[in-house]
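Visitor: I'd like to go through one helix and ask where the labels come from. Can you take me through it?

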Amino acid sequence: MSRAIEKMPVRATGHPAPFIGEDADQKLNIAVLFTSVESTLAALKEAGDLANHLGAQITLVVPQVVPYPLPLQSPPVRAEFSERRFRVIASESPVETTVQIYLCRDRWAALETALRPGSIVVLGGRKRWWPTKNEILARRLRRAGYEVIFKETE
């Protein structure tokens, strides 16, 4: 299994850069959004089961918000720490996993850049009687045309 880390800065203004999509000969890709460690591990397990059945690969998409006082290329958390952390999380996946870290000002703009239209997206979160921020994100992704699987955690 190959695991790769990619860091991509996303501009705060203007339109997102066009997605560099998969070629016709590449595998189906399932995107797992990082929300929290526990939720992401549950989402990776769910995506791994789905990827095994479909012969797909997984991309762990990590939008890392950089506050405005800092330059976009200088996140508050050292890049080496983030890369190591997400490499460990990706190692929990049973199938080929790529990690894409998006340094951004706006999380939604980074997700629009990272995800192809109609992508299969898996994210995890706790289920409550009120809508949680992860459920709101899942609903927003569905309205934007993505196929979303929400994995509930305890």
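Guide: Sure, starting with α3, which is mostly covered, with 6 of its 8 residues buried. This is a predicted model, where local features need pLDDT of at least 70, side-chain atom pairs count only at pLDDT 80 or more, and totals for chains, interfaces and linings use all residues. Residues are numbered from 1 along each chain as its sequence is written, and side-chain values use heavy atoms, with hydrogens and water left out.

Visitor: Which residues of α3 are buried?

Guide: W108, A109, A110, L111, T113 and A114. They pack against β2 (29-33), β3 (57-65), β4 and α4.

Visitor: Why is Q100 called buried?

Guide: Q100 lies in strand β4 (residues 97-104). Buried means under 20% relative accessible area (1.4 Å probe, protein chains only), and Q100 has 13%, so it counts as buried.

Visitor: What makes α3 oblique to α4?

Guide: Helix α3 (residues 107-114) and helix α4 (residues 133-143) pack at about 45°, with their axes 13 Å apart. Angles under 35 degrees count as roughly parallel, over 145 as roughly antiparallel, 65 to 115 as roughly perpendicular and the rest as oblique; therefore α3 is oblique to α4.

Visitor: Which residues make the contact?

Guide: R107, W108 and L111 of α3, with L137, R140 and L141 of α4 (contact means heavy atoms within 4.5 Å).

Visitor: What joins the side chains of Q100 and Y102?

Guide: A polar contact of 2.9 Å; the term takes a pair of N or O atoms within 3.5 Å, and within protein one must be able to donate a hydrogen and the other to accept it, while residues adjacent in sequence count only if both atoms are side-chain atoms.

Notes
Helix = DSSP H or I, 4+ residues; strand = E, 2+ residues; numbered from the N terminus. Buried < 20%, exposed > 50% of the residue type's maximum accessible area, 1.4 Å probe, protein only. Axes fitted to C-alpha atoms, helices over the stretch in contact; angles between N-to-C directions.
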